[in-house]
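Student: I should like to understand how the descriptive terms applied to a protein model are justified. May we take them one at a time?

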Amino acid sequence: MATVDIRKVEKSYGPAKVLHGVDLEIRHGEFAVILGPSGCGKSTLLRMIAGLEEITGGEIAIDGRVVNRLEPRERDIAMVFQNYALYPHMSVAENMSYSLRIAHAPKQTIRDKVAGVAGILGIGDFLARKPTQLSGGQRQRVAMGRAIIREPKVFLFDEPLSNLDAKLRHQMRTELKRLHLRLDATSILVTHDQVEAMSLANRLIVMNAGRVEQVGTPGEVYARPATLFVAGFIGSLPMNFFKGKVADDGRSLSLDGGAALAGEGAQIGPPDREVVVGVRPDALALAPSTAGGLGGRVELVEDLGSVKLVHLDDGRDGFVVAAPPDTELGEATEHGVKVRAKDLHLFDAASGRRL
């Protein structure tokens, strides 16, 4: 195990700056997941840790040793790539043992290690096969086995499950988590898939446009998103957002269009302060339509089996309510919506920061 310290790290390609002073500490034995949309800089950051990209500014230290000028092979890391990167002319055993063979490890040691790692990953029956004779999930296990056999200080995963189908991704997420716990390793994974990130991470690092937006446990990030970006990005059902202002009493909210929402009783801010109110679809409940309340006309209903997503047209951007699966709804009917004050997420409209 090892720590990974990222200190004010910057990356530029000519005049284009893609990382803006990233500061992070990955702890011993942690499974840290860097989550963000395409182009946010997460894979670039991972490749800089691995030594595959040069660092424009700042420092990266692995287990206390600054590695800025070290070659990848000198950093004691192992990386699992999105495309597996297996040698097609080599067998599974040869792919897994490649790093040991070029290090001239004893043959018996190589055989023992390959057998042990193959047993952990459940690929002991495939050691004589070539990669083309394996399924996507089996090839991913081989790629992970090649990394594990080196016994590195840090494992790096670059969107390792994105080429798998949905069912296999779920299975491999579970296996990857179990593998991390069994190896007691320090792992860093990058992904744009929030379900993958939430299910794997001890700590979640949310990135946007080359900056870290928030760091915390998956539960912390979900329950108290620090910015509008995080609030909109985290959650399998996207958060609803409503523009509004702080009411005259400073303790309630007046939404654009006239609907009013009660706060939790504490002072929100000065009257007329512009805010954005976020609320998750599963925190809303359908109710009879009332004047001055939140609501709208049913535009469409998505029946997902375990839940119905009710799209309501409120005359502005519309919003979504997650209703129980047995809810009976007619199209174009009017419905009000109930929401508890504690389920509201308030953000400053100008800065996007949580209030």
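Student: Which residues does S99 touch, not counting residues up to four places away in sequence?

Tutor: Please bear in mind that this is a predicted model. S99 touches I149 and R150, with residues up to four places away in sequence left out of the list. S99 itself lies in helix α2.

Student: Why is S99 counted as buried?

Tutor: The relative accessibility of S99 is 19%. The term buried requires a value under 20%. S99 therefore counts as buried.

Student: What makes V310 buried?

Tutor: The relative accessible area of V310 is 0%, and the limit for buried is under 20%. V310 is therefore buried. This residue is placed in strand β17, residues 308–313. V310 touches L286, V298, L300, F319, V320, V321, A323 and L329, not counting residues up to four places away in sequence.

Student: How far apart are V310 and T132 in sequence and in space?

Tutor: V310 and T132 are separated by 178 residues in sequence and by 45 Å in space, taken from C-alpha to C-alpha.

Student: Let us turn to the helices. Why are α2 and α3 called oblique to each other?

Tutor: Two packed helices are described by the angle between their axes and the distance between the axes. Helix α2 (residues 92–102) and helix α3 (residues 107–121) pack at about 130 degrees, and their axes are 10 Å apart. Roughly perpendicular covers 65 to 115 degrees, and roughly antiparallel begins over 145. The angle of about 130 degrees fits neither class, so α2 and α3 are oblique to each other. The crossing of α2 past α3 is right-handed.

Student: Which residues of α2 and α3 meet, and what classes do they belong to?

Tutor: From α2, the residues are A93, M96, S97, L100 and R101; from α3, they are I110, K113, V114, V117 and A118. By class, this contact has seven nonpolar residues, one polar residue and two charged residues.

Student: Why are α2 and α4 called roughly parallel instead?

Tutor: The axes of α2 and helix α4 (residues 136–148) come within 7 Å and cross at roughly 30 degrees. Angles under 35 degrees count as roughly parallel, and α2 and α4 are therefore given that description. α2 passes α4 in a right-handed crossing.

Student: Which residues form the contact of α2 with α4?

Tutor: V92, N95 and M96 in α2 meet V142, G145 and R146 in α4. They divide into three nonpolar, two polar and one charged.

Student: Now the sheets. What makes β6 and β10 edge strands?

Tutor: Their sheet is open, with six strands in the order β6-β7-β8-β3-β9-β10 and mixed pairing. β6 (77–80) and β10 (211–216) each have a single partner strand, so one side of each is left without a neighbour in the sheet. From one strand to the next, the twist averages 20 degrees.

Student: How do you know that β3 and β9 pair, and in which direction do they run?

Tutor: Pairing requires at least two bridges between two strands. Strand β3 (residues 31–35) is joined to strand β9 (residues 203–208) by four bridges, and the two run parallel. The criterion is therefore met. A32 stands opposite R203 in β9.

Student: How do you know that β4 and β5 pair?

Tutor: Two bridges join strand β4 (residues 57–62) to β5, and at least two are required; the strands therefore pair, and they run antiparallel. I62 stands opposite R65 in β5. These strands belong to an open sheet of four, ordered β2-β1-β4-β5, with antiparallel pairing. The edge strands there are β2 (16–26) and β5 (65–66), each pairing on one side only. Helix α1 (residues 42–50) packs on this sheet, touching β1 (4–13), β2 and β4, and its direction makes about 115 degrees with that of β1.

Student: Which residues take a positive phi in the hairpins on either side of β12?

Tutor: In the hairpin of β11 and β12, with five residues between the strands, G250 takes a positive phi near 75 degrees. In the hairpin of β12 and β13, with four residues between the strands, G257 takes a positive phi near 100 degrees. β11 and β12 pair in the antiparallel sense over three bridges, and V246 stands opposite L253 in β12.

Technical notes
Residues are numbered from 1 along each chain as its sequence is written. This is a predicted model: local features need pLDDT of at least 70, side-chain atom pairs count only at pLDDT 80 or more; totals for chains, interfaces and linings use all residues. Side-chain values use heavy atoms; hydrogens and water are left out. Contact means heavy atoms within 4.5 Å. Axes are lines fitted to C-alpha atoms, for helices over the stretch in contact, and angles run from 0 to 180 degrees between N-to-C directions. A crossing is left-handed if the near helix is turned anticlockwise from the far one by less than a right angle, and right-handed if clockwise. Ala, Val, Leu, Ile, Met, Phe, Trp, Tyr, Cys and Pro count as nonpolar, Asp, Glu, Lys and Arg as charged, and the others, Gly among them, as polar. Buried means under 20% relative accessible area, exposed over 50%, partly exposed in between (1.4 Å probe, protein chains only).
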